[in-house]
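Visitor: I am new to this structure and should like a close look at a single part of it, namely the nonpolar core and what surrounds it. Please take me through it step by step.

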Amino acid sequence: MADINALVDQLSELTVLEAADLAKALEEKWGVSAAAAVAVAGPAGGGAAAPAAEEKTEFDVILTGDGGKKINVIKEVRAITGLGLGEAKALVEGAPKPIKEGVNKDEAEKIKKQIEEAGGTVELK
């Protein structure tokens, strides 16, 4: 256990850039993303870690189109994100673009419903 504690201490001393380089190197070496590696490696031991890694807890809400109702979609994007008119318009016109990233499933579904009711199309990733 002393080796693990020493490794944790070493990792804690990394700068943000060094940690990003480490994550990239691990992604390339093992062919997994850093988010998946953290979820699997999170709890020590126990076979229960695998099912937890399969269920996604954070979603990105991606606007894929305005469905011909650009004004309504811009209004909803502004309400959801708090962006100004020009920024929301640029987001809608530049689709596909993320509206919100790293939100929980309930919030992602709520945002998707709001945009679809306004006439837009949304994808959850």
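Guide: Buried residues account for 17% of the 125 residues in the protein chain, and the model in which they are counted is a predicted one. The surface that the protein chain exposes comes to about 8700 Å², with 55% of it supplied by carbon and sulfur atoms.

The order of the elements helps in finding the core. The protein chain has 7 helices and 3 strands, and along the sequence they follow the pattern α-α-α-α-β-α-α-β-α-β. Among contacts with a separation of 6 or more, 63% join residues 24 or more positions apart.

The largest nonpolar core has 17 residues, and those touching the most other members are Val61, Leu63, Val73, Val77, Val92, Ile99 and Ile115. Two or more residues are given to this core by each of β1 (59–65), α5 (70–81), α6 (85–93), β2 (97–103) and α7 (105–118). In soluble globular proteins, nonpolar side chains tend to be buried together.

The strands may be taken next. The 3 strands form an open sheet in the order β2-β1-β3, with antiparallel pairing. Its edge strands are β2 and β3 (121–124), each of which pairs on one side only. On average, neighbouring strands of this sheet are turned by 20° against each other, direction ignored. Helix α7 packs on the sheet and touches β1, β2 and β3; the direction of α7 makes about 165° with that of β3.

Strand β1 deserves particular attention. Of the 7 residues of β1, 5 are buried, so this strand is largely enclosed by the rest of the structure. Towards β2, strand β1 runs antiparallel and is joined by 4 bridges; here Ile62 stands opposite Pro98 in β2. Towards β3, the pairing of β1 is again antiparallel, over 4 bridges, and Leu63 stands opposite Val122 in β3. In a regular strand the side chains alternate between the two faces of the sheet.

Helix α6 also contributes to the core. Its buried residues are Ala88, Leu91 and Val92. These residues lie on the same side of α6 because they cover an arc of only 95° around the axis. An α-helix has 3.6 residues a turn, so residues three or four places apart point the same way. The cover over the buried residues of α6 includes β1, α5 and β2.

Val77 shows how one core residue is surrounded. With its neighbours within four places in sequence left aside, Val77 is in contact with Gly82, Leu83, Ala88, Leu91, Val92, Ile99 and Ile115. Among these contacts of Val77 are Ala88, Leu91 and Val92, which are the buried residues of α6. Val92, Ile99 and Ile115 also appear in that list, and they are, like Val77, among the residues touching the most other core members.

Two further residues of helix α5 can be compared with this picture. Arg78 is in α5 and counts as partly exposed, since its relative accessibility is 36% and buried means under 20%. Apart from neighbours within four places in sequence, Arg78 is in contact with Leu83, Gly84, Leu85 and Ala88. Arg78 and Ala88 are 10 residues apart along the chain, and their C-alpha atoms are separated by 5.8 Å. Ala88 is thus a contact of Arg78 and of Val77.

Lys70 is likewise found in helix α5. With a relative accessible area of 31%, Lys70 is partly exposed. Leaving aside neighbours within four places in sequence, Lys70 is in contact with Val92 and Glu93. Lys70 and Glu93 lie 23 residues apart in sequence and 8.1 Å apart in space, C-alpha to C-alpha.

One detail remains, between α6 and β2. Pro96 has its place in the loop between these two elements, and the peptide bond from Ala95 to Pro96 is cis, with omega near 5°.

Technical notes: Residues numbered from 1 in each chain as written. Predicted model: local features only at pLDDT ≥ 70, side-chain atom pairs only at ≥ 80, totals over all residues. Heavy atoms only, no water. Core = buried A, V, L, I, M, F, W, Y, C linked by side-chain atoms within 4.5 Å. Buried < 20%, exposed > 50% of the residue type's maximum accessible area, 1.4 Å probe, protein only. Contact = heavy atoms within 4.5 Å. Arc of directions from axis to C-beta. Areas by Shrake-Rupley, 256 points an atom, 1.4 Å probe, with all protein chains shown as cover. Pairing = 2+ DSSP bridges. Axes fitted to C-alpha atoms, helices over the stretch in contact; angles between N-to-C directions.
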